Amino acid sequence: MNRLPARLATLCTAALAGAFLPALAQQGDGTRAAISTNVFKPAKVGPSEAALRGLQLPPGFTIAPFATGLRNPRILAISRDGYVYVSRRDQGDVLLLKDADRDGRADGEPVQVISRPGAHGLAIKDNRLYLVTVKELFAADIKPDGTLGPATMLLGDLPDSGQHPNRTIAFGPDGMLYLSVGSTCNACNESNPENATILRVSPDGKSRTIFATGLRNTIGFDWQPQTGELWGFDHGIDFLGDDIQPEELNRIEAGKQYGWPHVYADGAINPPTTPVGEITKERWKAQSAPMTLGYTAHAAPMQMAFHRGAGLPAEYAGDAFVAMRGSWNRSAPSGYEIVRVRFRDGKPAGIEPFVRGFLTDGGRTHIARPVGLAIAGDGSMLMADDGNGVIYRIAYAGTDARAQAPLSGPPATAMQQQTRKGLGVPLTREREEARAQTGMPSGGTITVRSWSFGNGAEMPARHSEYADGVSPALQWTPVPGAKSYAIVMEDPDAKPITPFVHWVAWNIPATSTQLPEGLQEQPRLTEPEGMLQGRTSRGSPGYYGPRPPVGDAAHRYHFQVLALDTMLDVPPGADRDQVLAAAKGHVIATGQLVGRYGQSRAPLK
């Protein structure tokens with residue numbers, strides 16, 4: 001039998017770059033691209049003493065094994081009491097390690113504290129350990145000896161994973177849990193809007209929204225301690241060549257889109273993909289935030305942590321450290337290291353190697369694939385290698401360690417400002433931006449109806465997210481002089497997001513005074529032609545049906561229709577406030593239909 005060599009070089013068409021595309025129609029646009037791609041997986045060898053002596057660190061730093069024989073350790077979390085928790089995805093569990101005598105090595109044998117298939121991301125808050133698997137989020141109390149109490153499932157319906165099953169979690173300075181959900185593929189149009197995102201989840205799991213989109217696989221993210229801004233390192237697209245695309249360092253902000261799958265880096269276009277709804281790639285590029293800094297392609301950024309400066313020279317305070325697991329899609333390997341992201345005045349100024357030497361024999365072999373990275377209370381770092389099953393401890397032994405107090409925790413202001421936008425405002429029809437012009441022939445009023453329910457009546461379950469989640473059919477009276485219509489659906493009874501925006505749509509052609517049931521949930525529609533849809537409070541485009549907490553009194557859902565004397569120059573995917581700002585002074589009539597929905601019992605799974 002013939003075997004493929006470890007190093008494979010191929011000249012291929014752009015179709016290879018989309019090798020993991022699902023069966024979605026790709027429209028012809030004249031794209032032609034030839035791409036040279038490589039597969040090279042350096043062989044794993046054991047960490048000999050000679051290899052460990054060859055590791056390269058800045059002057060004054062030391063590295064030594066903290067624990068060995070762990071098989072496949074992945075993500076690390078360290079409690080205030082110094083308990084070290086490490087997930088093992090392949091073994092499906094979390095181990096507890098202790099260093100009671102503070103000698104820099106784990107004491108005795110590790111203890112398995114929880115077992116769940118696909119265990120990966122870890123976070124600690126209020127003496128509770130949080131664990132995320134592919135589809136579930138759990139929390140358990142930490143006992144005085146570091147073991148765990150019974151685990152409670154907080155979420156059980158995270159998206160399917162496909163190519164990127166490695167969920168990670170971290171608590172922000174605003175007290176909310178941020179959860180990274182990777183894409184199902186290399187580059188494709190996802191059918192679930194929660195894929196390729198970072199989610200924002202309440203600690204009890206009852207509230208969950210999409211914080212940012214277009215993030216292929218942002219495993220490592222953390223908050224800069226001086227500014228409180230969220231930064232993350234995203235994995236670039238495979239099969240585009242040795243040096244394309246760079247790994248992306250992004251400042252991640254609420255509601256922003258970060259390019260994937262159609263745009264990458266600082267605005268480069270991915271050849272094989274096509275946005276849905278006939279959105280052009282130039283439009284997608286204009287809507288996407290470019291990366292802040294790039295790093296060597298295919299280096300595979302994993303866990304990321306900001307250092308507050310304890311136990312290190314002052315120059316390290318406020319810098320980030322990132323484990324780079326290492327490439328397989330490049331002729332000369334990249335990654336297999338820890339990098340330092342230098343920050344100056346709260347902004348990234350450069351990326352440089354911090355620990356190198358895990359690649360050996362000229363890059364043909366490796367002794368570690370860095371994944372987990374966490375910072376202990378004394379300022380030392382732990383790095384988990386999921387290849388040889390080692391956790392390494394990196395410490396500073398110099399005499400110029402930071403003597404003053406370390407930086408305090410990141411301020412919550414930045415995250416609070418981003419996530420409070422649009423909260424506590426009146427419903428759309430009561431806002432100044434939606435006030436109808438006086439003296440219009442229609443009297444400024446539109447009659448809105450639905451075949452599914454009457455005004456003030458109960459909405460059928462199929463329109464809720466507990467069932468089919470399809471938009472209802474709507475019809476309204478035509479307005480003379482209207483050039484377009486817009487719709488905003490809001491729930492004034494929702495908590496903590498009030499009002500909760502369930503639907504925002506605009507540039508509905510003036511010739512359309514009705515919408516069928518079950519519209520596509522995407523930023524632009526081709527029927528009605530050119531109708532645009534924006535971001536709901538959930539963070540997804542298109543209609544998002546009622547989902548009141550089980551047992552709540554029925555919530556009210558206001559379907560508000562605006563007649564406009566113009567088409568709006570607002571990009572697809574915009575939010576309600578952007579649409580209303582553009583509509584101000586152009587509203588000639590308004591109307592609404594109010595439906596009610598309550599969920600008396602939990603749906604059957």
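In this predicted model, the side chain of Arg116 lies over the face of Phe138, at 4.8 Å from the ring centre. A charge is also placed over a ring at Tyr466, where the charged end of Arg547 sits 5.1 Å from the ring centre.

Turning from charges over rings to rings paired with rings, a search of the whole structure finds 18 aromatic pairs. Among them, the rings of Phe239 and Trp328 have planes at 75 degrees, and the pair is therefore edge-to-face, with centres 5.6 Å apart. Because Phe239 belongs to the loop between β18 (230–234) and β19 (247–251), while Trp328 belongs to the loop between β24 (320–324) and β25 (337–344), this pair ties together parts that are 89 residues apart in sequence. Phe239 is buried, with a relative accessible area of 10%, whereas Trp328 counts as partly exposed at 29% relative accessibility.

Phe453 and Phe559 form an aromatic pair that is tilted. Phe453 lies in the loop between β32 (448–449) and β33 (474–476) and Phe559 in strand β39 (residues 555–564), so that parts 106 residues apart in sequence are tied together by the pair. Phe453 is buried, with a relative accessible area of 5%, and Phe559 is buried as well, with a value of 0%.

The geometry of these two pairs is set out below.

| Pair | Centre to centre | Angle between planes | Class |
|---|---|---|---|
| Phe239 and Trp328 | 5.6 Å | 75 degrees | edge-to-face |
| Phe453 and Phe559 | 5.8 Å | 45 degrees | tilted |

Elsewhere, ring pairs link Phe61, Tyr316, Phe321, Phe354 and Tyr396 into a cluster.

Notes: Residues numbered from 1 in each chain as written. Predicted model: local features only at pLDDT ≥ 70, side-chain atom pairs only at ≥ 80, totals over all residues. Heavy atoms only, no water. Phe/Tyr/Trp six-rings, centres within 6.5 Å; stacked < 30°, edge-to-face > 60°. Helix = DSSP H or I, 4+ residues; strand = E, 2+ residues; numbered from the N terminus. Buried < 20%, exposed > 50% of the residue type's maximum accessible area, 1.4 Å probe, protein only. Lys NZ or Arg CZ within 6 Å of the ring centre and 35° of its normal.
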